[in-house]
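This briefing is for a reader new to the structure shown below. It covers charge pairs, a surface patch, cysteines and one helix.

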Amino acid sequence: MYEQEKIKPYSQQGEKKQQVEQMFDNIAPSYDTLNHRLSWNIDKGWRKKAIQQLKPFSPRTILDIATGTGDFAILSAQKLHPTKLIGADISVGMMNIGQQKVQQQNLQDTISFQQEDCMDLSFDNNTFDAVTSAFGIRNFQDLDKGLREIFRVLKPGGHFSAVELTQPVTFPMRPLFRIYSHTFLPFYGKLLSKDKSAYDYLTTTIEAFPQGEVMSGILKRAGFKNVKYKRLTFGICTVYLGEKV
């Protein structure tokens, strides 16, 4: 078990999956505002980098895992022009907001949403040309199992592109980020979302989540080949790319 799998939003009692679902339902109305403000809108550029990794492969069918309010799904549809994109998440509250945004962008013919347990996806083997995830795999109850499910539903020759928050590894960004994530982030998160536990949880999972070479090794153990990663914005975020051969 990885350290972040032991971390739960509200209580050590009960399953992490259910608590994560409750947490995201709670913060759904303020989630987009908080994401953009807490990252000074840099998160939008991070998503674009992850999508750019897939452009050479022109995926026609895409699954966006832990889609949340659909920002990554919408951007993928606009930049990659797939014929079909499914946003999957455990939180109906988050996807309801995503559905409204999809309607506003007139992308309802391309993007649909499904409630899914990422540990046990309902899709057949070899279904999608690409799977994407933005800031979602950190919340998996079982990281290895979730990645194996992603690998299973990918077609041979398909790619997994993920972007995830990480700890900077160099001075002075590492101590500066620690100060920011332990003070401003939970305070401002509670102020806007009224759920301090959610942003305390965010901080602790960022610190506990495997990153860089370690995460690359975990992706390889799940079956992915040609795994690459790149740190962005002084290491605050990392994008990963793996292929199902």
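Cys237 has a relative accessibility of 0% and therefore counts as buried. The model is predicted. It holds nine salt bridges, and a search of the whole structure finds zero disulfides. The points below are grouped by topic.

**Cysteines**

- A disulfide is a covalent bond that joins the sulfur atoms of two cysteines.
- For Cys237, the closest cysteine sulfur belongs to Cys118 and lies 18 Å away, which is too far for a bond.
- Seen from the other side, the sulfur of Cys118 has Cys237 as its closest cysteine partner, again at 18 Å and too far for a bond.
- The cut-off for a disulfide is a pair of cysteine sulfur atoms within 2.5 Å, and the search returns zero such pairs.
- Cys118 has a relative accessibility of 11%, so this residue counts as buried.

**Salt bridges within a helix**

- Side chains of opposite charge can pair when their charged atoms come close.
- Lys6 and Glu3 form a salt bridge, with 3.1 Å between the closest N and O atoms.
- These two residues are three apart in helix α1 (residues 3-6), so about one helical turn separates Lys6 from Glu3.
- Lys6 is partly exposed, at a relative accessible area of 38%, and Glu3 is partly exposed too, at 46%.
- Arg47 and Asp43 also meet through their side chains in a salt bridge, at 2.6 Å from N to O.
- Because Arg47 and Asp43 are four residues apart in helix α3, they are separated by about one helical turn.
- Arg47 and Asp43 are both buried.

**A salt bridge between distant parts of the chain**

- Glu164 and Arg138 form a salt bridge in which the closest N and O atoms are 2.2 Å apart.
- This pair links distant parts of the chain, with the two positions 26 residues apart: Glu164 is in strand β5 (residues 154-165), and Arg138 is in the loop between β4 (128-134) and α6 (143-153).
- Glu164 counts as buried, with 0% relative accessibility.
- Arg138 counts as buried as well, with 4% relative accessibility.

**A network of salt bridges**

- Asp32, Asp71 and Lys101 are linked to one another in a network of salt bridges.

**A patch of positive charge**

- On the surface, a patch of positive charge is formed by Lys44, Lys48, Lys55 and Lys79.
- Lys48, one of the residues in this patch, lies in helix α3, which spans residues 42-52.
- The relative accessible area of Lys48 is 40%, so this residue is partly exposed.
- Patch members need over 30% relative accessible area, and Lys48, at 40%, is above that cut-off.

**Helix α4**

- Helix α4 covers residues 71-80 and is mostly covered, with seven of its ten residues buried.
- The buried residues in α4 are Phe72, Ala73, Ile74, Leu75, Ser76, Ala77 and Leu80.
- His81 follows α4 and has a positive phi, near 55°.

Notes:
Residues numbered from 1 in each chain as written. Predicted model: local features only at pLDDT ≥ 70, side-chain atom pairs only at ≥ 80, totals over all residues. Heavy atoms only, no water. Patch = residues over 30% accessible without salt bridge, like charges linked within 9 Å, V, L, I, M, F, W, Y side chains within 5 Å. Areas by Shrake-Rupley, 256 points an atom, 1.4 Å probe, with all protein chains shown as cover. Salt bridge = Lys/Arg side-chain N within 4 Å of Asp/Glu carboxyl O. Lys, Arg positive; Asp, Glu negative; His and termini not counted. Charge placed at Lys NZ, Arg CZ, Asp CG, Glu CD. Buried < 20%, exposed > 50% of the residue type's maximum accessible area, 1.4 Å probe, protein only.
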